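Me: I am new to this structure, and I would like to ask what lies behind the words used to describe it.

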Amino acid sequence: MSLSPINDANENLLGAVRHDWTRDEILKLFNMPFMDLLFEAQVIHRTHFDPNKVQLSQLCSIKTGGCAEDCKYCPQSARYDTGLKASKMMEVDRVVELAKHAKEAGATRYCMGAAWRDLKDRDVDQICAMIEGVKDLGMESCVTLGMLTSDQIGRFKQSGLDYYNHNVDTSEEYYKEIITTRSYQDRLDTIQNVRDAGINVCSGGIIGMGEKETDRAGMLETLANMPAHPDSVPINKLVQVKGTPLYDDSIDEISDFDFIRTIAVARIMMPKAYVRLSAGRESMDKKMQAYCFMAGANSMFYGEKLLTTPNPVKNNDMALLAELGMSPEGHTMSHEDAATEAKLTDAIVPLKAGGTREFDPSIAYNSRAADNVTQ
Ligand code: SF4
């Protein structure tokens, strides 16, 4: 008996890492009954990750606004009047100081982003110094700097860069509706160059930009069919910013369930990637975020406000994790359920000899199999 489209195609390969996803297959996942989809995503999640840990990243804008690109969602584009004041690149000492605060507040990765089309050689030394400063704190480093030359990537690698973020944003078909100043292929080339340099790739996209379900499927198809899955997959929910072209009443806000489905499908397709809740999280209530964790999200950007919060346990993010019995990755779990959780995981997905886990479909109702009977 098969449980899902995954097993229909690959018996006993639940949670296998694949790079040959078809659009139809992905759309079938999107159209699974919600509870079945969540259950499957959670089972896969548990085969690769501690379900009660969340990796925390802090994002710092090291150079804000004034970007020449025309990404329709972005308030940092110089083409749109959003009231955002452009700034120069931050000093290295300030960036490292902020990273230190982020570490004290629980973040294990520090991401530095600059708003521009591509990096100028004159800025490379300064960014290398930031990367080295973050590494000296014992944190993972990540930068997002647009397009890069291979020489620049090589310099960052020497400085110890762990991750490079470059999102594909959406499906290849819908991309031209969102950005015209650089092509989808430009993005894929940058990602490939980063991977070739031995730097981990962080790549995801934005949903809620007026795209169709097939575009969400297409975005995940692009990411999952890369030669290696991105190590981190940020799933952003569009935040409509006044002044940008996507500040538009005619764009329906994505439903909570469709957003959760996207997280779950990403988890199933890229079982070992960190799936990250990113932009738009501030508009999600606690239950919505809990559903996203259930669907396999296991990373999130920390709110900027956290930096000024004296006691992190008092802030909303930490309160939510504590309420759910979860804790930040790399930190001691504060609840007492670790042993119980391990037993539960073992009961659902028994550990086989050799350390692999194999899901026993007989413990679950299989609505898809029932569908198949009537077809
Ligand atoms: S390249 Fe980045 S900073 Fe520039 S407009 Fe696009 S999303 Fe915004």
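The questions and replies below go through those words one at a time.

Reply: To begin with, this is a predicted model, in which local features need pLDDT of at least 70, side-chain atom pairs count only at pLDDT 80 or more, and totals for chains, interfaces and linings use all residues. Residues are numbered from 1 along each chain as its sequence is written.

Me: What is the mean pLDDT of the protein, and where does pLDDT stay under 50?

Reply: On a scale from 0 to 100 that gives the predictor's confidence in each residue, the mean is 84, and 81% of the residues reach 70 or more. Over residues 331-337, however, pLDDT stays under 50, and over residues 359-375 the pLDDT is below 50 as well. Where pLDDT is low, the predicted coordinates should not be read in detail.

Me: Why is Asp-169 called buried?

Reply: A residue is buried if 20 or more other C-beta atoms, placed from the backbone, lie within 10 Å of its own, exposed if 12 or fewer do, and partly exposed in between. Asp-169 has 23 such atoms within 10 Å, and therefore counts as buried. Asp-169 is placed in the loop between β4 (163-165) and α7 (172-175), and its phi is near 75°, a positive value in a residue other than glycine.

Me: How do you know that the buried residues of α12 line one face of the helix?

Reply: Helices are DSSP runs of H or I with at least four residues, strands are runs of E with at least two, and both are numbered from the N terminus. In α12, which spans residues 316-323, the buried residues are Asp-317, Met-318 and Leu-321. Seen down the axis of α12, they fall within an arc of 95°, so they line one face; the arc is that of the directions from the helix axis to the C-beta atoms. These buried residues pack against β1 (53-63) and β10 (327-328).

Me: What makes a set of residues a nonpolar core, and which helix gives the largest share of the largest one?

Reply: Such a core is a set of buried Ala, Val, Leu, Ile, Met, Phe, Trp, Tyr and Cys residues joined through C-beta atoms within 7 Å. The largest core has 84 residues, and Ile-263 and Met-269 are among those that touch the most other members. Its largest share, eight residues, comes from helix α10 (residues 256-269).

Conventions
Two residues are in contact if their C-beta atoms, placed from the backbone, lie within 7 Å.
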